[in-house]
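Colleague: I have a few questions about this model before I go back to the bench. Can we go through them one by one?

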Amino acid sequence: DSLSKIDTSYWKSKDRRTHNIHLFEQGSPEILRHLLFRDFMRMHDNYSKAYLKNLSIMLIKIKIRHFI
């Protein structure tokens, strides 16, 4: 299972997370998938803003459910 070979780490300053780091096994097809997603988001500001808005809403809902 390729997902078991992905390691996600976060760089955290004193106040907030500032970087999201993905580590992959050499030759993993996930590398290209992540790079294509990154490049697409950089080229399409409207999709990037919508993605960020939806992601923020989803994270807020997850945090709310966690504390209920």
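Colleague: Where is Ser56 placed?

Modeller: Ser56 sits in helix α2. Bear in mind that this is a predicted model.

Colleague: Is Ser56 buried or exposed?

Modeller: In between. Ser56 has a relative accessible area of 33%, and the band from 20% to 50% counts as partly exposed.

Colleague: What does the side chain of Ser56 have 2.8 Å away?

Modeller: The backbone oxygen of Leu52. The distance runs from that oxygen to a polar atom of the Ser56 side chain.

Colleague: There's another serine I was looking at. Where does Ser28 lie?

Modeller: Ser28 is in the loop between β2 and α1.

Colleague: And is Ser28 buried or exposed?

Modeller: Ser28 is buried, because its relative accessible area is 17% and the cut-off for buried is under 20%.

Colleague: What does the side chain of Ser28 reach?

Modeller: The backbone nitrogen of Glu30, at 3.1 Å.

Colleague: Stepping back, which elements does the chain have, and in what order?

Modeller: The chain has two helices and two strands. Starting at the N terminus, the order is β-β-α-α.

Colleague: How much of the chain counts as buried?

Modeller: 4% of its 68 residues. Ser28, with its 17%, is one of the buried residues.

Colleague: What about contacts between residues far apart in sequence?

Modeller: Take the contacts between residues at least 6 apart in sequence: 6% of them join residues at least 24 apart.

Colleague: Now pockets. What volume does the largest pocket have?

Modeller: About 640 Å³. It is lined by 15 residues, and the closest to its centre are Asn20, His22, Phe37, Tyr51 and Leu55.

Colleague: How do you find empty space like that?

Modeller: You roll a probe the size of a water molecule over the atoms, and that shows where empty space is left.

Colleague: Which elements supply the lining?

Modeller: β2 (17-23), α1 (29-43) and α2 (45-67) each supply at least two residues. Helix α1 gives the most, with seven.

Colleague: And what is the lining like by class?

Modeller: Seven residues are nonpolar, four are polar and four are charged.

Colleague: You listed Phe37 and Tyr51 near the centre. How are their rings arranged?

Modeller: The structure holds two aromatic pairs, and Phe37 with Tyr51 is one of them. Their ring centres are 5.2 Å apart and their planes stand at 70°. Planes over 60 degrees apart count as edge-to-face, so that is what this pair is.

Colleague: Which parts of the chain does that pair link?

Modeller: Distant ones: Phe37 belongs to helix α1 and Tyr51 to helix α2, and the two are 14 residues apart.

Colleague: Are those two residues buried or exposed?

Modeller: Phe37 is partly exposed, at 41% relative accessible area. Tyr51 is also partly exposed, at 40%.

Colleague: Last topic. Where is His34 found, and what does it touch?

Modeller: His34 is in helix α1. Leaving out residues up to four places away in sequence, His34 touches His22 and Phe24.

Colleague: How far apart are His34 and His22?

Modeller: Twelve residues in sequence, and 9.0 Å in space from C-alpha to C-alpha. His22 is also among the residues closest to the centre of the largest pocket.

Colleague: And why does His34 count as partly exposed?

Modeller: Because His34 has 24% relative accessibility, and buried would need under 20%.

Conventions: Residues numbered from 1 in each chain as written. Predicted model: local features only at pLDDT ≥ 70, side-chain atom pairs only at ≥ 80, totals over all residues. Heavy atoms only, no water. 1 Å grid on protein atoms, 1.4 Å probe; cavity = no way out; pocket = protein on both sides within 12 Å on 5 of 7 lines; lining within 4 Å. Points joined across faces, edges and corners; volume = space filled by probe spheres on them. Helix = DSSP H or I, 4+ residues; strand = E, 2+ residues; numbered from the N terminus. Nonpolar A, V, L, I, M, F, W, Y, C, P; charged D, E, K, R; others polar. Phe/Tyr/Trp six-rings, centres within 6.5 Å; stacked < 30°, edge-to-face > 60°. Buried < 20%, exposed > 50% of the residue type's maximum accessible area, 1.4 Å probe, protein only. Polar contact = N/O pair within 3.5 Å; in protein donor to acceptor, adjacent residues only side chain to side chain. Contact = heavy atoms within 4.5 Å.
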